[in-house]
Amino acid sequence: MPSAVGHHWRYLDIIGQAHDLLAGRPVHLALGHWLDKVPPVAWWLDPAMSGGQIVEQAVHVLDLARLLVGEVSMVHAVPAESTSSDGQVDRATAAVMRFTGGASGLLATSCLLTQKHRVGLEVCADGIALELSETRLLVDGQRVIEDEGRAKTRVDRAFIDAVQGKDADVRVPYREALRTHRLALALAQSAAERRPVLLP
């Protein structure tokens, strides 16, 4: 049975350029953020239905971090204490991540805002800093490389091709997406249990 998971950030034009810029330069620090509003659907605030902001939204940033930095071995997420109603998703969370290759990572999420403020991933490697979003790559805070904006179309095309049995550019097969999902679930577990969580 063919499958393809919609982590469309992997289809951004700028991802290949980020890979090229990081070639031979291991990442030492990754800073992810998803600072946004509550989406206008009732089910989103119920963690049993959405999984919470990390699982439903920031998972895209986590998938990009895995792609550019590597696997994560430990997470410790700390939700803000007074920003959520009983039984609803955390409105703000800060997390520390340790990557198996030695890099450190931070993730900040919030859905307290009235509009999307900042969504993306910053990475620091030897002699270079990259900031990636859905629309652009910023190199060393100076050079801007705009994305062509076709990632969502490409990921849909890949899925349709896979279902039709054609050659498909599936960049996130089931097993790969499951690794990202397990990372997001580990962060959600850490926030809920107020303790660090180790990943296998």
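# Exercises on a predicted model

The structure holds one cavity of 30 Å³ or more. The model is a predicted one, and the exercises below treat its cavity, core, helices and loops.

## Exercise 1. The cavity

Determine how much space lies in the largest cavity, and which elements give two or more residues to its lining.

*Solution.* Step 1. The space in the largest cavity comes to about 30 Å³.

Step 2. Its lining consists of A30, L31, G32, V61, L62, A65, M97, L106, L107 and L121.

Step 3. The elements that supply two or more of these residues are β1 (27-35), α3 and β4 (104-110).

## Exercise 2. The largest nonpolar core

Identify the residues that touch the most other members of the largest nonpolar core, and state which helix gives the most to this core.

*Solution.* Step 1. The core has 48 residues, and those touching the most other members are V75, L107, L130, L132 and L187.

Step 2. The greatest contribution to this core, nine residues, is that of helix α3 (residues 53-68).

Step 3. As a general background, nonpolar side chains in soluble globular proteins tend to be buried together.

Step 4. For V75, leaving out residues up to four places away in sequence, the residues touched are V96, M97, L183, A186, L187, S190, R195, P196, V197 and L199.

## Exercise 3. The two sides of helix α4

Establish where the buried residues of α4 fall when the helix is seen down its axis.

*Solution.* Step 1. Helix α4 spans residues 151-163, and its 13 residues reach 19 Å from the first C-alpha to the last, close to the expected 18 Å.

Step 2. Its buried residues are A151, V155, A158, D161 and A162.

Step 3. Viewed down the axis of α4, these buried residues fall within an arc of 125°, so they line one face of the helix.

Step 4. A helix has 3.6 residues a turn, so residues three or four places apart point the same way.

Step 5. K152 and T153, on the other side of α4, are exposed.

Step 6. Just after α4 comes G165, with a positive phi of about 80°.

## Exercise 4. Helix α5 and its covering

Compare the span of α5 with the expected value, then find which elements cover its buried residues.

*Solution.* Step 1. The 20 residues of α5 should span 28 Å at 1.5 Å a residue, and the end C-alpha atoms are 28 Å apart, which agrees.

Step 2. Buried in α5 are E176, A177, T180, L183, A184, A186, L187, S190 and A191.

Step 3. The covering of these buried residues includes α3, β2 (72-79), β3, β4 and β9.

Step 4. H7, in the segment before α1 (13-22), is in contact with A177 and T180, among others. H7 also contacts V59, H60, D63 and V172. With a relative accessible area of 8%, H7 is itself buried.

## Exercise 5. Positive phi outside glycine

Locate D140 and R194, and classify each as buried, partly exposed or exposed.

*Solution.* Step 1. Most residues other than glycine have a negative phi.

Step 2. D140 has a positive phi, near 55°, and belongs to the loop between β7 (136-139) and β8 (143-146). Its relative accessibility is 39%, so D140 counts as partly exposed.

Step 3. R194 likewise has a positive phi near 55°; its place is the loop between α5 (174-193) and β9 (197-198). At 45% relative accessibility, R194 counts as partly exposed.

## Exercise 6. Contacts among the strands

Find which residues L35, T93 and A108 touch, leaving out residues up to four places away in sequence.

*Solution.* Step 1. L35 is in strand β1, and touches A108, T109, S110, L113, Q115, K116, H117, R118 and V119. The C-alpha atoms of L35 and S110 are separated by 4.7 Å, although their positions lie 75 residues apart along the chain as a separation in sequence.

Step 2. A108 is in strand β4 and touches G32, H33, W34, L35 and T93. At 31% relative accessibility, A108 counts as partly exposed.

Step 3. T93 is in strand β3 (residues 92-99). Its contacts are I54, A77, V78, P79, L107, A108 and T109. T93 is buried, its relative accessible area being 8%, below the 20% cut-off.

Step 4. A108 appears in the contacts of L35 and in those of T93.

How values were computed:
Residues numbered from 1 in each chain as written. Predicted model: local features only at pLDDT ≥ 70, side-chain atom pairs only at ≥ 80, totals over all residues. Heavy atoms only, no water. Helix = DSSP H or I, 4+ residues; strand = E, 2+ residues; numbered from the N terminus. Expected span 1.5 Å × (residues − 1). Buried < 20%, exposed > 50% of the residue type's maximum accessible area, 1.4 Å probe, protein only. Arc of directions from axis to C-beta. Core = buried A, V, L, I, M, F, W, Y, C linked by side-chain atoms within 4.5 Å. Contact = heavy atoms within 4.5 Å. 1 Å grid on protein atoms, 1.4 Å probe; cavity = no way out; pocket = protein on both sides within 12 Å on 5 of 7 lines; lining within 4 Å. Points joined across faces, edges and corners; volume = space filled by probe spheres on them.
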